[in-house]
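Work through the exercises below with the sequence and the 3D structure open beside you. Try each task before you read its solution.

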Amino acid sequence: MKKAFYGGTFDPPHTGHIRLGRAVLENGYAEELMYVPAWHPPHKRNGEIAPYDDRLAMLKLAICGERGFSVSEIERERGGISFTMETLRLLSKRFPEDEIVLLIGSDSLLQLHQWHRARELAREFGILCYPRPGEKVTLERLLASGWTPEEAETLRNSVMENLPEFDISSTAIRELLKRGDDPGDQLNRNVWNYIKTRRLYES
């Protein structure tokens, strides 16, 4: 089975995350969409994100009833800083019969050269890249980031051109919630109720 690893803080998980997952499965890019909330993201400081248990609970509510979706707690089990390369290798050992591929946005793909052990990651694991507004992946931009021509070509070919852009941001949603505004259809209603009950993202 081909499993797409979709990591992130999911703070909070929104309908764009779900619609993207559906599009990946419906277009046959993977057979399972595995959402993996980060335990300790390397780019975030303590206190900047909601507690792991809350982000995990919201994700489970967000994917409830969705066919082909799962949520993995592997980064909690592994502990430490959530370096994608190490988590992917651990998943590969756990699911030796499956193909694990990394699902990231075009903005992240253009920054991939800055990731922990980026070359090993790109060499060992397939990548599925979804489009993000204003972030066009070109060979020129990849080459300028230090990838070899062969690496750049492989990364450029990872872009799923036929997928729609989902211009929804967790950051923007948090700002809405801090102001006490209703996020509308950007949040699953069960997730929205959980946020209100737990009083998350209040100013």
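The exercises go from the whole chain to the core and then to single residues.

The model is a predicted one, in which local features need pLDDT of at least 70 and side-chain atom pairs count only at pLDDT 80 or more, while totals for chains, interfaces and linings use all residues. Residues are numbered from 1 along each chain as its sequence is written, and side-chain values use heavy atoms, with hydrogens and water left out.

**Exercise 1. The whole chain**

Task: Describe the secondary structure of the protein and decide how compact the protein is for its length.

Solution: Begin with the elements, which are DSSP runs numbered from the N terminus, with helices (H or I) of at least four residues and strands (E) of at least two. The protein has 10 helices and five strands. Next, take the radius of gyration, which is computed over C-alpha atoms and set against the globule rule of 2.2 Å times the number of residues to the power 0.38. The protein has a radius of gyration of 17 Å, close to the 17 Å that the rule gives for 203 residues, so it is as compact as a globular protein of that length. The C-alpha trace spans about 50 × 35 × 35 Å along its principal axes.

Then turn to burial, where buried means under 20% relative accessible area, exposed means over 50%, and partly exposed lies in between (1.4 Å probe, protein chains only). Of the 203 residues in the protein, 45% are buried. Finally, consider contacts, defined as heavy atoms within 4.5 Å. Among the contacts with a separation of 6 or more, 73% are between residues 24 or more positions apart.

**Exercise 2. The nonpolar core**

Task: Find which residues touch the most other members of the largest nonpolar core, and which helix gives the most to this core.

Solution: A nonpolar core is a set of buried Ala, Val, Leu, Ile, Met, Phe, Trp, Tyr and Cys residues joined through side-chain atoms within 4.5 Å. In soluble globular proteins, nonpolar side chains tend to be buried together. Here the largest core holds 34 residues, and Tyr6, Leu20, Val24, Leu33, Tyr35, Leu103 and Ile195 touch the most other members. Several elements each supply at least two residues of this core, including strand 1 (2-8), strand 2 (32-37), helix 2 (52-63) and helix 10 (189-198). Helix 1 gives the most, with five residues. Apart from this core lies another one, of 24 residues, among them Phe5, Leu88, Ile100 and Leu155.

To follow one core member further, look at Ile195, which is in contact with Pro12, Met58, Leu177, Leu187, Leu200 and Tyr201 when neighbours within four places in sequence are left aside.

**Exercise 3. Buried or exposed?**

Task: Classify Pro37, Thr84, Glu66 and Gly80 by their relative accessibility, and name contacts of each.

Solution: Start with Pro37, which is found in strand 2 and counts as buried because its relative accessibility is 0%. Leaving aside neighbours within four places in sequence, Pro37 has contacts that include Gly8, Phe10, Tyr52 and Val71. Thr84, in helix 4 (residues 84-94), is also buried, with a relative accessible area of 16%. Not counting residues up to four places away in sequence, Thr84 touches Phe5, Leu102, Trp115 and Leu121.

Glu66 lies in the loop between helix 2 and strand 3 (69-71), and its 21% relative accessibility makes it partly exposed. Beyond residues up to four places away in sequence, Glu66 touches Ile18 and Arg22. Gly80, in the loop between helix 3 (74-78) and helix 4, is partly exposed, with a relative accessible area of 44%. With the residues up to four places away again not counted, Gly80 touches Trp39 and His40.

**Exercise 4. Backbone geometry**

Task: Locate the cis peptide bond that joins Asp11 and Pro12, and examine the positive phi of Arg199 and of Tyr201.

Solution: Keep in mind that most residues other than glycine have a negative phi, and most peptide bonds are trans. The cis bond between Asp11 and Pro12 has an omega of about 0°, and Pro12 sits in the loop between strand 1 and helix 1. Arg199, although not a glycine, has a positive phi of about 60°; for Tyr201, also not a glycine, phi is about 65°. Arg199 is in the segment after helix 10, and so is Tyr201. Their accessibility completes the solution: Arg199 is exposed, with a relative accessible area of 59%, whereas Tyr201 is buried, at 11%.
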